[in-house]
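Visitor: I'm new here and I'd like to understand the words people use for a structure like this. Could you show it to me first?

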6 protein chains.
Amino acid sequence: MTSNATPATPPVLSCFALSVEQHVAHLVLNRPEALNTMHPTFWRELDAALSWLHMSPAARVLVISSTGKHFSAGMALETFSGAITLDERTAEGRAAIFDLLSDMQATFTKLETLRIPVIAAIQGGCIGGAVDMVTAACIRYCTADAFFCVQEINIGMVADVGTLQRLPKLIPLGIAKEMAYTGRRMGAQRALACGLVNEVFETQAAMLDAALQCAAEIASKPPVAIWGSKQALHYARDHSVEDSLRQMGWLQSAVWSSPNVREAIMAMQQKRSPDFPDLAPLARFADQG
Amino acid sequence: MTSNATPATPPVLSCFALSVEQHVAHLVLNRPEALNTMHPTFWRELDAALSWLHMSPAARVLVISSTGKHFSAGMALETFSGAITLDERTAEGRAAIFDLLSDMQATFTKLETLRIPVIAAIQGGCIGGAVDMVTAACIRYCTADAFFCVQEINIGMVADVGTLQRLPKLIPLGIAKEMAYTGRRMGAQRALACGLVNEVFETQAAMLDAALQCAAEIASKPPVAIWGSKQALHYARDHSVEDSLRQMGWLQSAVWSSPNVREAIMAMQQKRSPDFPDLAPLARFADQG
Amino acid sequence: MTSNATPATPPVLSCFALSVEQHVAHLVLNRPEALNTMHPTFWRELDAALSWLHMSPAARVLVISSTGKHFSAGMALETFSGAITLDERTAEGRAAIFDLLSDMQATFTKLETLRIPVIAAIQGGCIGGAVDMVTAACIRYCTADAFFCVQEINIGMVADVGTLQRLPKLIPLGIAKEMAYTGRRMGAQRALACGLVNEVFETQAAMLDAALQCAAEIASKPPVAIWGSKQALHYARDHSVEDSLRQMGWLQSAVWSSPNVREAIMAMQQKRSPDFPDLAPLARFADQG
Amino acid sequence: MTSNATPATPPVLSCFALSVEQHVAHLVLNRPEALNTMHPTFWRELDAALSWLHMSPAARVLVISSTGKHFSAGMALETFSGAITLDERTAEGRAAIFDLLSDMQATFTKLETLRIPVIAAIQGGCIGGAVDMVTAACIRYCTADAFFCVQEINIGMVADVGTLQRLPKLIPLGIAKEMAYTGRRMGAQRALACGLVNEVFETQAAMLDAALQCAAEIASKPPVAIWGSKQALHYARDHSVEDSLRQMGWLQSAVWSSPNVREAIMAMQQKRSPDFPDLAPLARFADQG
Amino acid sequence: MTSNATPATPPVLSCFALSVEQHVAHLVLNRPEALNTMHPTFWRELDAALSWLHMSPAARVLVISSTGKHFSAGMALETFSGAITLDERTAEGRAAIFDLLSDMQATFTKLETLRIPVIAAIQGGCIGGAVDMVTAACIRYCTADAFFCVQEINIGMVADVGTLQRLPKLIPLGIAKEMAYTGRRMGAQRALACGLVNEVFETQAAMLDAALQCAAEIASKPPVAIWGSKQALHYARDHSVEDSLRQMGWLQSAVWSSPNVREAIMAMQQKRSPDFPDLAPLARFADQG
Amino acid sequence: MTSNATPATPPVLSCFALSVEQHVAHLVLNRPEALNTMHPTFWRELDAALSWLHMSPAARVLVISSTGKHFSAGMALETFSGAITLDERTAEGRAAIFDLLSDMQATFTKLETLRIPVIAAIQGGCIGGAVDMVTAACIRYCTADAFFCVQEINIGMVADVGTLQRLPKLIPLGIAKEMAYTGRRMGAQRALACGLVNEVFETQAAMLDAALQCAAEIASKPPVAIWGSKQALHYARDHSVEDSLRQMGWLQSAVWSSPNVREAIMAMQQKRSPDFPDLAPLARFADQG
């Protein structure tokens, strides 16, 4: 019953490799020679890749991994010495900073609110902007040598694309404050103990296997139920329990699917893989001729 | 000074055993042969038991435990093939799903907002609807062989009676998402490490002893101060610190009791058990003739 | 470039010792003979010390430590048998309780919202009002023999100056409820495991060294970036991610400092300590002649 | 296509008359000799009537009107000198006040959140508790001699069953404060000018005609769309625009009905009355055997 | 039964006259020669006057009026060319602006949250900072020649001490935006029509008579019930109805006063003035020796 | 000092005319023959026009007007019978409705959150989707023959692109509910009385003159102060006063401009037009090569 349609060609990317296989999308940061730093092309391509994934019915879950010794060294400093110059001395310049920042935040929010779950597989350093990025994922795996660092404070600035907003929803506030004020590195074991990562692996290969296995499990559930669960969890994070229960009522009224429940139960009884329909987004209304 | 009045007879129950001794109420799921699944009678009786407890001055704390190998296997599937048929194909049918769901949520919310604290003692499997139920308790104890499973996703649906709303307030969000998307089981040790349960015990008997001991301690405090503390903690969970401090001001103005403070201090000095008055709810206004 | 101005003389204090050295302020509870209980003078002096710190440009971080076997035994009971009498029997008396409580809460809120981060170094007992106090700090260190106790319930009352509001934002709710309902002590290791403290030390001396070292690291960052980070983290704790990202935009527009970023990067490259300007609050508008 | 089933017999009522005709329910306060004051029977019967209406598919809108010179003189003072005695001198007594108040509030909240819109038709005095009641309605009509009075302050107490919560969402805050602090009467023309009432009529008969006409119009729309609109408006009142738009998305996914839209358009084209299905609530889950 | 104690001497003021008679406090802006502009002394004295009123049991309501042709021309521009220099070019300077602004906002928030209601009586121009000020009052009366102007935009800045925050809670948003973007004057009749003022009077004398008469009425109610009503209305403005009803429960438990209710009813029956106890704030805890 | 740079060519539009003169942008709905209904091209072009305006420094305010007898008849019904088919019978289809709706809402949210104020000038009918649209504007002017109609309920559906979310923030809730449940038309005078429109004009020409005059006044203020005011007003609408004052602090720290204040005051003193710098958004980060 699921769509087997080959997804349309993904956008051409230079900083990333992107594939979708067996309903599992995989986005790989692949500029290890530059420590996978985030320069303007990185931002533009990440945004394009996410937009494409959002419209690709075959993608039911996304794994983000990286190449080289470190996951990512964060924002590329040259970014701000090139085309973009921040001038905070005038009110008009400061308003422009707000605008620019809103744009950058929007890309990580697009990652967080993607129609499908996101698993980040992190090796080595996860530094500065990379922390902002992985805190926008749903599930985090890391290697034993991984570390997390709110590098922004070490270069004299406030982290501003999500770390200070999302980290305190993921780990105890006292630990988030220590990271944000000192710029110290948090190692893999402490990250596991405080709930920042779900699991730690000896090697990157083992981590990637586990991430893809987890992704495959998620891809075997009905996409509409996964989408509903994600919506409910995000809503609950940001609202009272009372509010969130009411939202669950509207959401369940919308996503309840007798066929999916029946198929799940029958497949279980028949000891076979269930077969669920893809989510096929309507082409953007504004783009209809 | 406390009321020694024998509580009025509790409602007749078939799925549960209910007792109140020494100010400790105990509700036992006792259909082990059916894995304590939640069928319509379960729901109706749970609601009735909670209403009775709410009006029973002698009850100062509630322990919920279960019988058999598993705490509960969650929602009874036959529920939805019997009297109740969900038809999501029409808007009117979907609105009816909203209504039904609101009713079911209301029972677990009644558990959560009960006038007295609730301790859940969990052995074996705590599955699907059972997770919804125990996340509405205050304190959770479990046995070493216990496990927690958001089973709903495994049968193709979104968990909808509280798990997705309450779990992210209890454990790190990344772990809650893993459970909700994969339907994997979380074992007792991980539950302890991430704060889902307060303590793990080797045997069910040891767990029950500890739960009743903890309950006895709570029952030895002034009920009005316990009630006030519970109100404050729930308010704080769902509001800003600033808001919550202000609420604490109104609440403390209402619940401050010089007699209770004096009695607590004197009993401590005299090395005796303190004696506090029960909370006696006024009979429901709407039910007065 | 930083201000080397000797800070104006701090207020004369009898319950505390207060110093500022190398941009690190240190406030020591020094009435060990009275178990550092919180009596009216304690409250008045703490408020004065915090007001002075707020206006002292040289202070970039605050360490709070204590003397004697216990950090603090909490509220001094004689407080309420002396000048202050709570009379809850009339509505007017209860309104006065609200007022008094608001005043006391305001002092700990002043601690929490201080312009600079606060590190609490806790030895031995941290009891009752002391828990209210340290939950208003940013980072908590403790000794191996430290314990935390919501003592209020043990003397028959509801904790009312912050514990019930701040603790559930710091540790899992189920554990906070256990502490609040039972009045049991939480030991250092459990406090570490659940995120209440950042680190545990064998001796008080080792803890103090570490706290001062951590403070020195924070003091080496640009004060305006630390201030901005603190504002962002507190806002995020109490608002949705969406709201918090927008606030980050306004805040970053306000605190972005090209000179600080340049200095941080140059100092890093030149392997020297960076030199950042102090934050110099404008004298309170209402106090200008 | 709509259900023509005769609704089951409504509850036997002594303070009210209740009927449902042509999908319009009509609840009449009919104890004019007692100025329609709210005594325990009033509360119990109102609650029962609302519960019955909630489960009655034929009811698509509710008109509440009254008999005699005044709509209602509010709470019956004898209520509190009879079976119910409020004793605020102890903390336990004050907690009981909270419980009692919650019960009374719940009845007016049941009115506000009723599955169907509510139109209140108000003649003469609308005093004290009656203001609490009509602010929980959707639309208010009144006669030229009507007046509204927050009578509670005139008898030395704070209005506590909804007026202070709902009035400031209906009229400018400065006017609500004047009413709440002075206990002055607001006449019909001012009520119209500030938006408290939708329309003013010379006679009660004219008002009732208009209310029933308005109700008939509402009853001619699809019940599921009216229900959805009511849910959206209430959510929007209490949340940000951003939040409310997102809620609208889930809600529309749930209530969108191609058949209803088609029927509405065809009926318009064919210049006939449309025919929409009733909303048939599932029998309460907890009441299934 | 009320306290007849002469209030302690109010603070010495040069910009204001302050008196308390028959429980009505009256604060008069009395620098008409300077158009009652807000310079540093104004701010300091206003803050002091409000602090004194907060602690004065005899004061049950506050009337604020002014002298001269205009109520107030707003912020004195020389303020910012004298002792205080705003330097927004550095991040540290901008952080200092935040601090200064917080201080100024705190004074108007003290006005808004004063224990007692505030009535503003406005003649002529109410300009810039004066709009910020009167929107923090509860009730507004004005003369027929009064006008309101968000003057800040006319001098190139954003209004920042409350107008943009409080005005949209008092009048329709579209009208508030027009005022804020254009800097146009709103006349008395439009202010009345949109709910900004409660009543318009031909002469200042008539307005003052009416304001004092309204104040006298408020002063004749129990102060604790007025305080409770004010708390409830402010809470409701900023929270959902659901939240606000729950807060009402705690608040009513705290402020319910059988003696006040009895006295009110008896005085009504005996056609005499009721006699209620004052609210006597406990001396600030932190100031006890 | 302001930029006189000719704005880059606006997008080619067929449903609209778009111009920018003297800092005033003007967008005209110009398909009167189709009653300016909203079909896919309308949506796509509106989105493109708003994106272009957001990046155009010369635009300081936007006037939206229309042509023909009616402002707009709302959503074009053929929209949904063409390329786009809504299928609500499956959960996957309902999730697609959510997506589509989010896209449409985003365009009106782009209008509401545009960097510059928006004035809507409305003649004749403002129906269905057109109400959603104009409630997202800041200021509304209309002709004497204008009317507003929540047409959605008349065609059997719930209004879903903003009306139910924004209307209750603009007018009294009771009136919004009447419109939403009955689908009745609200005439110009009632719209004026309840604050929906700012002013009513006899002819469309007079209205347009007034709208452009108002726009010119807004364009003569510093764009950064207008931007800041708009941000503050929107934040205040959706948050508590306390929260909003704090936001104002960060915002003012960011947008305070001594040069603009000086220029405004000097121009006033010199009786000349002031000259303020444009806001020049940084080119979108993600689009840098």
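Visitor: What makes α5(A) largely enclosed by the rest of the structure?

Guide: A word on what you're looking at: this is a predicted model, where local features need pLDDT of at least 70 and side-chain atom pairs count only at pLDDT 80 or more, while totals for chains, interfaces and linings use all residues. Residues are numbered from 1 along each chain as its sequence is written, and chains are lettered from A and ligands numbered from 1 in the order in which they are written. Now, a residue is buried if 20 or more other C-beta atoms, placed from the backbone, lie within 10 Å of its own (12 or fewer is exposed, in between is partly exposed). In α5(A), 10 of the 10 residues are buried, so the rest of the structure largely encloses this helix. Among them are Leu173(A), Ile175(A), Lys177(A) and Tyr181(A).

Visitor: What covers the buried residues of α5(A)?

Guide: The cover includes α4 and β8 (185-187) of chain A. From chain C, it includes β6 (139-143), α4 (163-170), α7 (204-219) and α8 (223-238). Helices here are DSSP runs of H or I with at least four residues, strands are E runs of at least two, and both are numbered from the N terminus. Right after α5(A) comes Gly183(A), with a positive phi near 70°.

Visitor: How many residues of chain A are in contact with chain C?

Guide: 35 residues of chain A meet 40 residues of chain C, where contact asks for C-beta atoms, placed from the backbone, within 7 Å. On the chain A side, α5(A) gives the most, with nine residues. That side divides into 18 nonpolar, nine polar and eight charged residues. Asp, Glu, Lys and Arg count as charged, Ala, Val, Leu, Ile, Met, Phe, Trp, Tyr, Cys and Pro as nonpolar, and the others, Gly among them, as polar.

Visitor: What about α4(B): how many of its residues are buried?

Guide: Eight of the eight residues of α4(B), residues 163-170, pass that test, so this helix too is largely enclosed. Arg166(B) and Lys169(B) are among the buried ones. They pack against helices of chains A, B and C, including α9 (241-255) of chain A, α3 (129-134) of chain B and α5 (173-182) of chain C.

Visitor: Why are α8(D) and α9(D) called roughly antiparallel?

Guide: Their axes come within 10 Å and cross at roughly 165°. Angles over 145 degrees count as roughly antiparallel, under 35 as roughly parallel, 65 to 115 as roughly perpendicular and the rest as oblique. The pair therefore gets the label roughly antiparallel. Axes are lines fitted to C-alpha atoms, for helices over the stretch in contact, with angles from 0 to 180 degrees between N-to-C directions. The contact includes Tyr235(D) of α8(D) and Leu251(D) of α9(D), and its residues divide into eight nonpolar, four polar and no charged.

Visitor: And what makes α8(D) oblique to α4(F)?

Guide: The two pack at about 50°, with axes 8 Å apart. That angle makes α8(D) oblique to α4(F). Among the residues that meet are Leu233(D) of α8(D) and Pro168(F) of α4(F). By class, the contact has five nonpolar, two polar and one charged residues.

Visitor: Last one: what are the domains of chain A?

Guide: Chain A is divided into domain 1 (16-219) and domain 2 (223-287), with bounds from an automatic or database domain assignment. Their C-alpha centres lie 26 Å apart. Domain 1 brings 10 residues to their contact and domain 2 brings nine.

Conventions. Contact = placed C-beta atoms within 7 Å.
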